[in-house]
Amino acid sequence: MATVNVTDESFKSDVLESDKPVLVDFWADWCGPCKMIAPALEEISNELGEQVTIAKMDIMENTGIPAEMGVQSIPLMVLFKNGEAVARKVGAAPKSQLKDWIESEL
């Protein structure tokens, strides 16, 4: 399952009302570490697609939700379960660490 692009408008339906956990990657085009982890998140999405949705939100195109969430550093990954933010991870990491972190929080 490929990653899903989420916008301020679709955040409620795509993330908060999802029937399975959603990991939102807050990123921007100018962010080098964000670009570094993008392929890893795509692979993790394919590997764990049955358990979790991996979503991406461009903070330059969507400013409302990132402001509400207090996003100050990117990449920021926030895991949502049942409409609640349950875990946060800031910064880039190797795929194995990202996957282990996601699986430990599911």
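**Entry 1: Lys95 and its partners**

I started with Lys95, which comes out as partly exposed at 25% relative accessibility. Worth writing down at once: this is a predicted model. Next I looked up what the Lys95 side chain touches, and found a salt bridge with Glu47, 2.5 Å from N to O. Glu47 is in helix α2 (residues 32-48) and Lys95 is in helix α4 (residues 95-105), so this contact ties together parts that lie 48 residues apart in sequence. I checked Glu47 too: at 40% relative accessibility, Glu47 is partly exposed. The pair is not on its own, since shared partners link Glu43, Glu47, Lys95 and Lys99 into one network of salt bridges.

**Entry 2: other salt bridges**

How many salt bridges are there by this rule? I get six. One of them joins Lys56 and Asp25, with N and O 2.8 Å apart. Lys56 sits in strand β3 (residues 53-58) and Asp25 in strand β2 (residues 22-27), so parts 31 residues apart in sequence are tied together here. Are Lys56 and Asp25 buried or exposed? Both Lys56 and Asp25 are buried. I noted that one for another look on screen.

Asp29 and Lys35 make a salt bridge as well, with 3.8 Å between their closest N and O atoms. Lys35 is partly exposed, with a relative accessible area of 48%.

**Entry 3: the disulfide**

I went looking for disulfides and found one in the structure. Cys31 and Cys34 form it, with 2.3 Å between the sulfur atoms. I also wanted the hand of the link: it is right-handed, with 80° about the S-S bond. Cys31 is buried at a relative accessible area of 4%, and Cys34 is buried at 2%.

**Entry 4: strand β2**

Having met Asp25 already, I went through the whole of β2. How many residues of β2 are buried? Six of the six are, so the rest of the structure largely encloses this strand. Why do neighbours along a strand point opposite ways? In a regular strand, side chains alternate between the two faces of the sheet. In β2, I see Val22, Val24 and Phe26 pointing one way, with Leu23, Asp25 and Trp27 pointing the other. The residues on both sides are buried.

Which strands pair with β2? With β3 the pairing is parallel, over six bridges. I picked out Leu23 of β2, whose bridge partner in β3 is Ile54. With β4 the pairing is antiparallel, over five bridges. There, Phe26 has Leu76 of β4 as its bridge partner.

I then followed the connection from β2 to β3. Together with α2, these two strands make a β-α-β unit, and the unit is right-handed. Helix α2 came up earlier too, as the home of Glu47.

**Entry 5: the aromatic pair**

Last lookup: aromatic pairs. The structure holds one. Phe11 and Phe80 form it, in an edge-to-face arrangement with 5.5 Å between ring centres and 80° between the planes. Phe11 belongs to helix α1 (residues 11-16) and Phe80 to strand β4 (residues 76-81), so the pair ties together parts 69 residues apart in sequence.

Are these two rings' residues buried or exposed? Phe11 counts as buried because its relative accessibility is 3% and the cut-off for buried is under 20%. Phe80 is buried as well, at 4% relative accessibility.

Terms used
Residues are numbered from 1 along each chain as its sequence is written. This is a predicted model: local features need pLDDT of at least 70, side-chain atom pairs count only at pLDDT 80 or more; totals for chains, interfaces and linings use all residues. Side-chain values use heavy atoms; hydrogens and water are left out. Rings of Phe, Tyr and Trp (its six-membered ring) pair if their centres lie within 6.5 Å; planes under 30 degrees apart count as stacked, over 60 as edge-to-face and the rest as tilted. Helices (H or I, at least four residues) and strands (E, at least two) are DSSP runs, numbered from the N terminus. Buried means under 20% relative accessible area, exposed over 50%, partly exposed in between (1.4 Å probe, protein chains only). A salt bridge is a side-chain nitrogen of Lys or Arg within 4 Å of a carboxyl oxygen of Asp or Glu. A disulfide is a pair of cysteine sulfur atoms within 2.5 Å. Two strands pair if DSSP finds at least two bridges between them. A crossover is right-handed if, with the strands pointing away from the viewer, the path from the first strand over the helix to the second runs clockwise.
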